Amino acid sequence: MKNNFAGPPIMKDEVQAAMRKMKTGGATGSDGISVELIEALGDYGVDKVTTLLNEICGAGRMPTDMSRSIFMALPKRPGATECELHRTVSLVSHVTKLLLRIVMMRVGNRVRPEMAEEQCGFVEGRGTAGAIYVLRTLIERALEVQRDVCLCFIGYTGAFGGVRHGEIIRQLARLEMDGKDLRIMKNMCWDRRAAVRVEGEVSGFRNIKRGVRQGCVLSPGLFSLYSEIVMRNLEGHPGVKIGGSGIGGLRCAGDAVLVAENEKDLQQLLDIVKEESEKKGLELNGKKTEVMVVSRKQELPIINIYIKGTRLKQKDQFKCLGSLVSGDGGNNGEVASGVAQAKTNFQKMKTVLTNEDMSIRTGRGALECYVEPILVYGCEAWTMSGRTRGRLEAAEMWFLGGVLRVSWTAGKTSDTVLEEARTARLLMSKIRRRQATFFGHVMRREKLENLVTTGMLEGRRSGGRRREGLIEGLAGWLGAGKSLEAIEATKDRKKWRTMIANAVKQGT
């Protein structure tokens, strides 16, 4: 492989496919060439870019402008002075992004099989919605049989910047990539140069000796592959056993959560991750790494988990992959958080959403586009208690009233507001439809989501009234009877879609 530089040439269709996936309106790199400029040139521009990229791949080296990046630090909050309170943005040549996106599309089929089912995000068919569903369903089912779940949310110090180039190249070479593509990726690692822009002034360019490329489309996938090497060492070690398999953790690029049944097992998992991470140049951050216990006990159990002799902070709730996990295993806190975030976004866009010149229909459309996605994020795994439902319906009316510029002092009823908005209560129906569609999809895939839903979990159910779970709620909404009947119905895609459509027509 060392001297093998073979590989197919880049085709015009590949360039066009990569351009379609590029975002528009982004700042250009040091060459000043934007993807919009290439698109404006039509076939001529595509032909020239295709020729240029083939020349680069043939030579195996990147032109100077294409290998350079300019870093800018943007504060996450006004008045931020510490480095960790800034978000780094990298200005990279758009032509470089096109080349790397083409390489990513080519190597995707080789990288994908290397990713475990527990790895989500930047992997086709495995989004964060699936990871949130797995975590919440695992917690829900454990609490049903009176078992606690111990969680450790991993935080790295400069995760993407700790990747060692030699190690990532060895992993890529092991995948038997085309020599031409591998050579380009090697040179992108070793020949990268970057400068820093502060208040309009740009520093000198320096070579970057470690870490994946900031702002590169390949970086998340490469880091996921890199972290997968670390997490593979958890196989065979205690996690939560369900359906004959053990689940020790979930991860999404630089974010990871370890899952165990007790304090001892969680400490063992953390020690393994710490040791293997250090071998790969990654350092766990004791300030960012936190633990939590999910339990139905009135007082949450205290656990003592350590990194280098320092006890990790224990919390009663934590935001994982954008979803708020609470110590009681419920989703009331997450729904409240989603409502608060949606209202904040509404206030930021208030001048637009409450514009008198905008029609009611357009206003409702703006709500669906800019506010509802924040409100219902992660709803695929929500259980609908009376309290949750009431909070969501109240939020729906608050947003509609805002668009109509109806003050709460006006004393108008909800029915009056709905009549003026020329609509009905639709939010709950949308959430249920989204849940049912997602549930049918993951059940037919028969992957990790299916395992945590249908797998046997040892334990004894508590007496008294049980919480209504996600499947029970969906089964009732769909008129499917018991949970097992709902799971069985998902196997027939046409039947499942018909059930969803009928339930939507009937309302919630």
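Is Cys150 buried or exposed in this structure? Cys150 is buried, with a relative accessible area of 4%. Here buried means a relative accessible area under 20%, exposed means over 50%, and partly exposed lies in between, with a 1.4 Å probe and protein chains only. The structure is a predicted model, in which local features need pLDDT of at least 70 and side-chain atom pairs count only at pLDDT 80 or more, whereas totals for chains, interfaces and linings use all residues. Residues are numbered from 1 along each chain as its sequence is written, and side-chain values use heavy atoms, with hydrogens and water left out.

The cysteines were examined for disulfides. A disulfide is a covalent bond between the sulfur atoms of two cysteines; in the present analysis, a pair of cysteine sulfur atoms within 2.5 Å is counted as one. A search of the whole structure finds 0 disulfides. The cysteine sulfur closest to that of Cys150 belongs to Cys152, and because the two are 10 Å apart, they are too far from each other for a bond. Cys379 is likewise in no disulfide, its nearest cysteine sulfur being that of Cys369, 16 Å away. With a relative accessibility of 0%, Cys379 counts as buried.

Cys152 also takes part in a contact between separated parts of the sequence. Although Met292 and Cys152 are 140 residues apart in sequence, their C-alpha atoms are 6.4 Å apart in space. Met292 belongs to strand β11, residues 290-294, and is buried at 0% relative accessibility. Helices (H or I, at least four residues) and strands (E, at least two) are DSSP runs, numbered from the N terminus.

Pairing between charged side chains was considered next. Side chains of opposite charge can pair when their charged atoms come close. A salt bridge is defined as a side-chain nitrogen of Lys or Arg within 4 Å of a carboxyl oxygen of Asp or Glu, and 22 salt bridges are found in the whole structure. In one of them, Lys12 pairs with Asp47, with 3.4 Å between the closest N and O atoms. Lys12 lies in helix α1 (residues 12-21) and Asp47 in helix α3 (residues 42-59), so this salt bridge ties together parts that are 35 residues apart in sequence. Both residues are partly exposed, Lys12 at 29% relative accessible area and Asp47 at 36%.

A further salt bridge joins Glu167 and Lys280, whose closest N and O atoms are 3.2 Å apart. This pair links distant parts of the chain, 113 residues apart: Glu167 is in helix α6 (residues 165-174), while Lys280 is in the loop between α9 (263-279) and β11. Glu167 is buried at 12% relative accessibility, and Lys280 is buried at 16%.

A salt bridge within a single helix is formed by Glu276 and Lys279, at an N to O distance of 3.4 Å. These two residues lie in helix α9, 3 residues apart, which is about one turn of the helix. Glu276 counts as buried at 14% relative accessibility, whereas Lys279 is partly exposed at 47%. Lys12, Asp43 and Asp47 are joined into one network by salt bridges that share partners.

Two surface patches are described here. Patches consist of residues with over 30% relative accessible area and no salt bridge, with like charges joined within 9 Å and nonpolar side chains (Val, Leu, Ile, Met, Phe, Trp, Tyr) within 5 Å. Accessible areas come from the Shrake-Rupley method with a 1.4 Å probe, and for residues only the protein chains shown count as cover. Lys and Arg count as positive and Asp and Glu as negative, without His and the chain ends; a charge is placed at NZ of Lys, CZ of Arg, CG of Asp or CD of Glu. Lys76, Arg77, Arg87 and Lys288 form a positive patch. Arg77 lies in the loop between β1 (68-75) and β2 (86-92) and is exposed at 52% relative accessibility. Ile33, Leu37, Leu41 and Tyr44 make a nonpolar patch of about 380 Å². Within this patch, Leu37 belongs to helix α2, residues 35-40, and is partly exposed at 42%.

Backbone angles were also examined. Most residues other than glycine have a negative phi. Gln146, which is not a glycine, has a positive phi of about 60° and is found in the loop between α5 (128-144) and β3 (149-154). Lys308 has a positive phi near 55°. Lys308 is located in the loop between β12 (306-307) and β13 (310-311), and is exposed, with a relative accessible area of 58%.
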